[in-house]
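Reader: Before I rely on the names given to contacts and strands, I would like to see the reasoning behind them. Could you take me through it step by step?

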Amino acid sequence: MMHWIVGLKHNWGMKLFCLFCAIGMWLYVMKDQNPIIEMTYTVPVQVQNLDQNYLVEGVPSEVRVHLRGPRNAIFDINPSVLKAYVNMKNARVGQENIPINFTAPTGTFIDSMTPENVTVTVDEYMVKELQVQVHPLGTVPNDIAIKDSKIMPTTVTISGPAHLVSKASYAVIRINLDKHRESFTEVGDILAVDTSGNEVEGLTITPRGAQIQYELERIRMEKKVLVQPNLVGSVPIGYAVKRVVVEPKELTIVGKESILNGIDGVKTIDIPIHGATSSFTGGYSLVLPEGVTTTKDRVVVKVEIEPQM
């Protein structure tokens with residue numbers, strides 16, 4: 001035992017040399033087994049500590065972070081838990097340049113981050129109610145008229161940065177009227193626009209869509225109807241009206257669909273037969289409802305009267 005202890009007291013130089021060699025070999029082996037590597041990650045950016053009465057614009061949705069570290073430390077990183085953030089605790093209305101914060105995982109360090117700083121715009125949060133208007137695109141055909149239109153909802157709520165909300169004057173739904181010949185219902189997106197009709201983007205609109213109902217009618221509809229001779233009075237006893245002939249028997253009338261739908265025929269003016277004992281022929285005008293026209297305004301009516309046997 002004493003011999004072993006005495007042996008330790010000799011050859012210090014050689015022994016230290018061997019120790020350093022052993023340490024160097026260990027470091028070499030460890031470096032070879034777990035080398036320093038680099039990796040780039042796309043990291044989402046969060047906004048923290050922002051007062052609820054404020055909104056911030058200009059914060060990037062993500063940054064690129066270049067990390068360096070031992071291979072085992074890099075491989076242990078779960079990319080889904082990496083987060084960067086901007087601290088808006090002292091935010092005030094206006095623009096300012098602020099840093100993007102990121103903490104490297106244990107055992108690694110940040111080689112670079114793009115971007116490192118960002119210029120943001122802070123504004124007050126504002127809410128406003130707007131009336132919804134219909135902005136028709138195009139026109140209905142010439143023979144079609146818009147009888148009525150209804151929109152639901154009639155108002156919407158917009159919210160967002162005060163400088164944008166204040167620009168919006170009203171809300172619109174744009175509907176294409178081209179080629180529509182029948183009443184229709186359509187759903188469209190609601191847009192917030194300024195006094196010039198230009199869309200104000202970057203706002204939240206609630207609700208986002210509207211429904212518009214258009215009631216259309218034909219203002220120049222054509223319909224064929226029978227001509228009805230309007231005989232007034234009666235022939236003397238011993239005589240009878242054998243036959244009434246109208247030329248033409250039918251006519252084409254023109255007018256609004258809502259009017260023509262209720263018309264099955266058109267009458268002539270009164271044709272008196274009181275006291276008549278013989279046949280007669282005459283030209284007679286037509287009695288047309290208001291808003292209805294025809295290509296002929298008179299017809300020929302022949303009334304045949306004969307004695308009764």
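Author: Let us begin with a definition: two strands pair if DSSP finds at least two bridges between them. In this predicted model, strand S11 (residues 170-176) and S12 are joined by four bridges in the antiparallel sense, so they satisfy that definition and count as paired. One of the contacts between them sets alanine 171 against alanine 192, its bridge partner in S12.

Reader: How do you know that S12 and S14 pair as well?

Author: Six bridges link S12 and S14, again in the antiparallel sense, and the definition asks for at least two, so this is a pair too. Within it, phenylalanine 184 stands opposite tyrosine 214 in S14.

Reader: Why is the aromatic pair of phenylalanine 184 and tyrosine 214 called stacked?

Author: The structure holds one aromatic pair, and its ring centres are 5.3 Å apart with 20 degrees between the planes. Centres within 6.5 Å make a pair and planes under 30 degrees apart count as stacked, so both conditions are met.

Reader: What does the pair tie together?

Author: Phenylalanine 184 belongs to strand S12 (residues 184-193) and tyrosine 214 to strand S14 (residues 209-218), so the pair ties together parts that are 30 residues apart in sequence. Both phenylalanine 184 and tyrosine 214 are buried.

Reader: What makes S4 and S6 a pair?

Author: Strand S4 (residues 84-87) and S6 share two bridges in the antiparallel sense, and at least two are required, so the condition is met. Alanine 84 has phenylalanine 102 in S6 as its bridge partner.

Conventions:
Residues are numbered from 1 along each chain as its sequence is written. This is a predicted model: local features need pLDDT of at least 70, side-chain atom pairs count only at pLDDT 80 or more; totals for chains, interfaces and linings use all residues. Side-chain values use heavy atoms; hydrogens and water are left out. Rings of Phe, Tyr and Trp (its six-membered ring) pair if their centres lie within 6.5 Å; planes under 30 degrees apart count as stacked, over 60 as edge-to-face and the rest as tilted. Buried means under 20% relative accessible area, exposed over 50%, partly exposed in between (1.4 Å probe, protein chains only).
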